[in-house]
Amino acid sequence: MIPFASVLSESGQHTLRDLDLPNLAKLLGRLTATHRVGTDEYTLTTPHERALADALGWSGDDGCLPWAAQAARADSIDPGTRAWGLLTPVHWHVGSDHVSLADPHTLHLSAQASHTLFEAVQPLFDGEGWSLAWGGPTRWYASHESLDNLPSASIDRAIGRNIDLWMASHPQARLVRRLQNEVQMLLYQHPLNDERVGLGALPVNSFWLSGCGRAQPERADNDRVIDNRLRAPAIAHDWAGWADAWRTLDAGPLAQAVEAARSGQDVTLTLSGERYAQRFGRLDQPLWARLRQKLAPASVHPMLAAL
């Protein structure tokens, strides 16, 4: 699975048209488009998240897939049967006409600094009956009954954009919005943020809630590989870096997948953009169809642009 295989921005599309991806073309010549998920670029759940949830055997409405419970388990936190949400410490940039969200990875938040901020905001959540757990510098977890089936936008949807479009509007989210405001006020003059600003770093001034719900059983698939190398440059609009990452991906994992397909192994590929995730797999085809694919393989660029 390759998230951020395509983007909708004009600059990104221009970069895509100039990309030469020979191994992707060879692989697609051996595979057939099967299942497609997604609708448009405004869903709370990204297409690659929906495709992965389907592969895991999960069910859930848009924005209601339990990524927090899954990540908590990976951080050795037992989710049990409670409803969980992922609280990502973030920087909200207040512009002249809207508020945008910086990529949390660019905060370079250390474990010690994250613990300090986590302990500062925890009493606000305790006072509302929430239970918090620390999982990593950018992974704080909250457990509360109101998080069950609470729609929330993937942070990958909100980064670099006007957050008003992605803020939860569900009645259960009123408390979340109030807690976000209270966290902002508490962290505004926190000594750690003063220190960060003095060093030229962005302050941590709020949190983003996502991945809410109760843990669901997962379908076992030890061969599933998710390659996220396109994510960071795509989100940063670093199109030169995105192109370089695509070339590396084509020369490495995709070249290996081509060889695996040639040797008769069962290879599947899922390419995801901002609107759709398209799965490709091996299907029995008549000889004439296989010959046509080899003689006139499908063009890579229009297929990616349609995602």
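Me: Which residues of helix 1 meet helix 10, and which ones do they meet there?
Reply: On the helix 1 side there are Ser 11, Gly 12, Thr 15 and Leu 16, and they meet Trp 239, Trp 242 and Ala 243 in helix 10. Keep in mind that this is a predicted model.

Me: Thanks! What classes of residue make up that contact of helix 1 with helix 10?
Reply: The contact has 4 nonpolar and 3 polar residues, and no charged ones.

Me: And at what angle do helix 1 and helix 10 pack?
Reply: Helix 1, which covers residues 10-17, packs against helix 10 at an angle of about 35°, and their axes are 10 Å apart.

Me: Is that crossing left-handed or right-handed?
Reply: Helix 1 and helix 10 make a right-handed crossing.

Me: Let's stay with helix 10. How far apart are its end C-alpha atoms, and what should it span?
Reply: Helix 10 has 24 residues (239-262), so at 1.5 Å a residue it should span 34 Å; the end C-alpha atoms are 32 Å apart, which agrees.

Me: Where does helix 10 bend?
Reply: The bend is at Asp 250 and comes to about 35°. A proline, Pro 253, follows within four residues.

Me: What comes just after helix 10?
Reply: Gly 264 sits there, with a positive phi of about 95°.

Me: New topic, the sheets. In what order do the strands of the 3-strand sheet come?
Reply: The order is 1-9-8, in an open sheet with antiparallel pairing. Strand 1 (32-38) and strand 8 (269-272) are at the edges with a single partner strand each, so one side of each has no neighbour in the sheet. On average, neighbouring strands here are turned by 20° against each other, direction ignored.

Me: How many bridges pair strand 1 with strand 9?
Reply: There are 5 bridges between strand 1 and strand 9 (residues 276-281), in the antiparallel sense. Within that pair, Thr 32 stands opposite Gly 281 in strand 9.

Me: Which helix packs on this sheet?
Reply: Helix 3, residues 47-56, packs there and touches strand 1, strand 8 and strand 9. The direction of helix 3 makes about 110° with that of strand 1.

Me: Where does Thr 39 lie?
Reply: Thr 39 is in the loop between strand 1 and helix 3. Leaving aside neighbours within four places in sequence, Thr 39 is in contact with Arg 275 and Tyr 276.

Me: How far apart are Thr 39 and Glu 274, in sequence and in space?
Reply: They are 235 residues apart in sequence, while in space the distance is 9.3 Å, C-alpha to C-alpha.

Me: Okay, on to the sheet of 4 strands. What order does that one have?
Reply: That open sheet runs 5-6-2-7, with antiparallel pairing. Strand 5 (131-136) and strand 7 (206-214) stand at its edges, each with a single partner strand, so one side of each is left without a neighbour in the sheet. From one strand to the next, the twist averages 25°.

Me: How many bridges join strand 2 to strand 6?
Reply: 4 bridges join strand 2 (residues 83-90) to strand 6 (residues 139-143), and the two run antiparallel. Gly 85 stands opposite Ala 142 in strand 6.

Me: Last one: which strands does helix 4 lie across?
Reply: Helix 4 (residues 67-74) lies across strand 2, strand 6 and strand 7, running at about 95° to strand 7. Helix 5 (residues 111-126) packs on the sheet too, touching strand 2, strand 5, strand 6 and strand 7.

Notes. Residues numbered from 1 in each chain as written. Predicted model: local features only at pLDDT ≥ 70, side-chain atom pairs only at ≥ 80, totals over all residues. Heavy atoms only, no water. Pairing = 2+ DSSP bridges. Axes fitted to C-alpha atoms, helices over the stretch in contact; angles between N-to-C directions. Contact = heavy atoms within 4.5 Å. Expected span 1.5 Å × (residues − 1). Bend = angle between axes of the 7 residues up to and from the residue. Left-handed = near helix turned anticlockwise from the far one by under 90°. Nonpolar A, V, L, I, M, F, W, Y, C, P; charged D, E, K, R; others polar.
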